[in-house]
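This briefing goes through one protein model by topic. Please keep the sequence and the 3D view open while reading.

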Amino acid sequence: MSKDAVNTAVAAPRTDAAQVPADAGDAGYSKDLKARHVNMIAIGGAIGTGLFLGAGGRLHNAGPALAIAYLVCGIFAFFVVRALGELVLYRPSSGSFVSYAREFLGEKGAYVAGWMYFLNWSTTGIADITAIALYTHYWSLFTDIPQWVLALIALAVVLAVNLISVKIFGEMEFWFAIIKVATLVAFMFVGIFLLATQQEVGGTTPGLSVITDNGGVFPHGLMPVVLVMQGVIFAYAALELVGVAAGETAEPEKVVPRAVNSIMWRVGVFYVGSVVLLALLLPGSVYSADQSPFVTVLSKIGVPAAGDVMNLVVLTAAMSSLNSGLYSTGRILRSMAMAGSAPKFTARMNRSQVPYGGILLTCAVCVLGVGLNYLMPSQAFEIVLNVASLGIISTWVIIMICHLVFVRRAKAGLVDRPHFRLPGSPVTEIATIVFLLACLGMMWNDPEVGRKTLLLIPVIAAMLVAGWYAIRRRATRAEDQELTELTK
């Protein structure tokens, strides 16, 4: 919806809002997600492969200071989700920030937001299936199976489940999140017990001495901590799922504030707390990028089965993340297709009210990831993680820009702000945007992968421009048709 269309719609009474969705892409969905689903989707978004797999390599490179990186990035991630939560309460939409970008920035803004988010989740999906293959290789039974075969099997299973119904998706995410939270809590109890009793972990006595005797909080200096920032941002990349899920729940005004507000303490407990515990139990040099740090600890306490159980849990976390990615891109692409800025088939829904067209398109990109696992199995995870960071940083920047415009319009009396608000506007939005762009710039200091990723930006920009010129007539026709319906 263009700015002009919105202004016209604002002048009209909102009596039909319940019958006619403000975004055409919101029509046809069921409202089967319950409060417990959305709350656990928020938790699941905050706990994924970025913690379970990514923390190992980052602890190795940055040391205990990784906890500081998680805390700082977590604060800005909370600002983004709080801003999105306010927009959700203003107008719930399955198109989420793409729908808000359409309203406040015009169709070009929605086009960029949607396709960059698609880039994020399609590459994240590749990271997830890579993680699943790595986790599975932990067991000797699967060692001889090629990594790309395991990745393809995982993709096929999650695709089948995602296409059934949103209620099944919600149930799956609910139980996936329960498993992740319960396991992390159990691990933290084990870690605290090991600290309190001074039980040796792999020949190391846990405690502050593990940090002080191995280079301190910054064992390799400040630069490695700076370099891991974009990877840490990736760890929080699924938090915006709350905004997408709100479009398929019956009472978003009750569910969303509770889910958003609980994110901050989850970040403190699960991310920062877990990393601090890991740093106190073993030196950072012991952890590695190809094994979950939790598996590393549990395997070293002399109970091999503990490592097997934790590996199964982190395998579940990766499956959960892949499932969430297919869910969110399906909804986002449908919103775009209804506005003419995505292929028409991505607007299609099945009998269970699932937008299967967009889900299949995301899967198609993930299949390319299977090829990446075949060609470069050792580098696949790190490569796609950096590309995904481009997508999530641009998405979060667009959310904050949308919120800035939203607040400005509210001050002009054009829209009403809900009581649930992002504090400190406009300073909070500007500080978050500056931080996110700084994280993007930090990638230049990583010549191996990060710098090459930044060099992709002109390529992505050129593809977006070419794509816009290819679809702009269709997008203009859809916009004119929507404007006509609004003014009837």
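Is Gly369 buried or exposed? Gly369 is buried, because its relative accessible area is 0%. The model is a predicted one. The points below cover pairs that are far apart in sequence, salt bridges, cysteines, surface patches and unusual backbone geometry.

**Pairs far apart in sequence**

- Gly369 has its place in helix α18, which spans residues 356–375.
- Between the C-alpha atoms of Gly369 and Ser122 there are 8.9 Å in space, while the two residues are 247 residues apart in sequence.
- Ser394 belongs to helix α19. With a relative accessible area of 18%, Ser394 is buried, because the cut-off for buried is under 20%.
- The partner given for Ser394 is Val112: their C-alpha atoms are separated by 8.9 Å, and the residues are 282 residues apart along the chain.
- Gln230 sits in helix α12, made of residues 229–235. Its relative accessible area is 5%, so Gln230 is buried.
- Gln230 and Leu436 are 206 residues apart along the chain, yet 8.6 Å separates their C-alpha atoms.

**Salt bridges**

- How many salt bridges does the structure hold? It holds three.
- One of them pairs Glu86 with Arg417, and the closest N and O atoms are 2.5 Å apart. Glu86 is in helix α5 (residues 66–90) and Arg417 is in the loop between α19 (380–411) and α20 (427–442), so this pair ties together parts that are 331 residues apart in sequence.
- Glu86 has 0% relative accessibility and therefore counts as buried.
- Another salt bridge joins Arg91 and Glu103, with 2.9 Å between the closest N and O atoms. Arg91 lies in the loop between α5 and α6 (96–105), and Glu103 lies in helix α6, so the parts tied together here are twelve residues apart in sequence.
- Both Arg91 and Glu103 are buried.
- Glu107 and Arg102 also meet through their side chains in a salt bridge, at 2.8 Å from N to O. Glu107 and Arg102 are both buried.

**Cysteines**

- A disulfide is a covalent bond between the sulfur atoms of two cysteines.
- The structure holds zero disulfides. Cys363 is in no disulfide, and the nearest cysteine sulfur to it, that of Cys366, is 5.8 Å away. Why does the pair of Cys363 and Cys366 not count as a disulfide? The sulfur atoms would have to be within 2.5 Å, and they are 5.8 Å apart, so the pair does not qualify.
- Cys363 has a relative accessible area of 6% and is therefore buried.
- Cys402 counts as buried too, because its relative accessibility is 0%.

**Surface patches**

- Which residues form the positive surface patch? They are Lys108, Lys344, Arg472, Arg473 and Arg477.
- Helix α22 (residues 457–486) supplies the largest share of this positive patch, with three residues.
- Arg473 is located in helix α22. Arg473 is exposed, because its relative accessible area of 67% is over the 50% cut-off.
- A nonpolar patch on the surface is made of Ile68, Val217, Phe218 and Leu222, which together have about 350 Å² of accessible area.
- Within that patch, Phe218 is part of the loop between α10 (208–212) and α11 (223–227). At 37% relative accessibility, Phe218 counts as partly exposed.

**Backbone geometry**

- Most residues other than glycine have a negative phi, and most peptide bonds are trans.
- Where is the cis peptide bond that has an omega of about 5 degrees? This cis bond joins Ser425 and Pro426. Pro426 is in the loop between α19 and α20.
- Arg417, the salt-bridge partner of Glu86, also lies in the loop between α19 and α20.
- Gln198 has a positive phi, near 60 degrees, and is a residue other than glycine.
- Gln198 lies in the loop between α9 (166–197) and α10. Its relative accessibility is 42%, so Gln198 counts as partly exposed.

Key: Residues numbered from 1 in each chain as written. Predicted model: local features only at pLDDT ≥ 70, side-chain atom pairs only at ≥ 80, totals over all residues. Heavy atoms only, no water. Patch = residues over 30% accessible without salt bridge, like charges linked within 9 Å, V, L, I, M, F, W, Y side chains within 5 Å. Areas by Shrake-Rupley, 256 points an atom, 1.4 Å probe, with all protein chains shown as cover. Salt bridge = Lys/Arg side-chain N within 4 Å of Asp/Glu carboxyl O. Lys, Arg positive; Asp, Glu negative; His and termini not counted. Charge placed at Lys NZ, Arg CZ, Asp CG, Glu CD. Helix = DSSP H or I, 4+ residues; strand = E, 2+ residues; numbered from the N terminus. Buried < 20%, exposed > 50% of the residue type's maximum accessible area, 1.4 Å probe, protein only.
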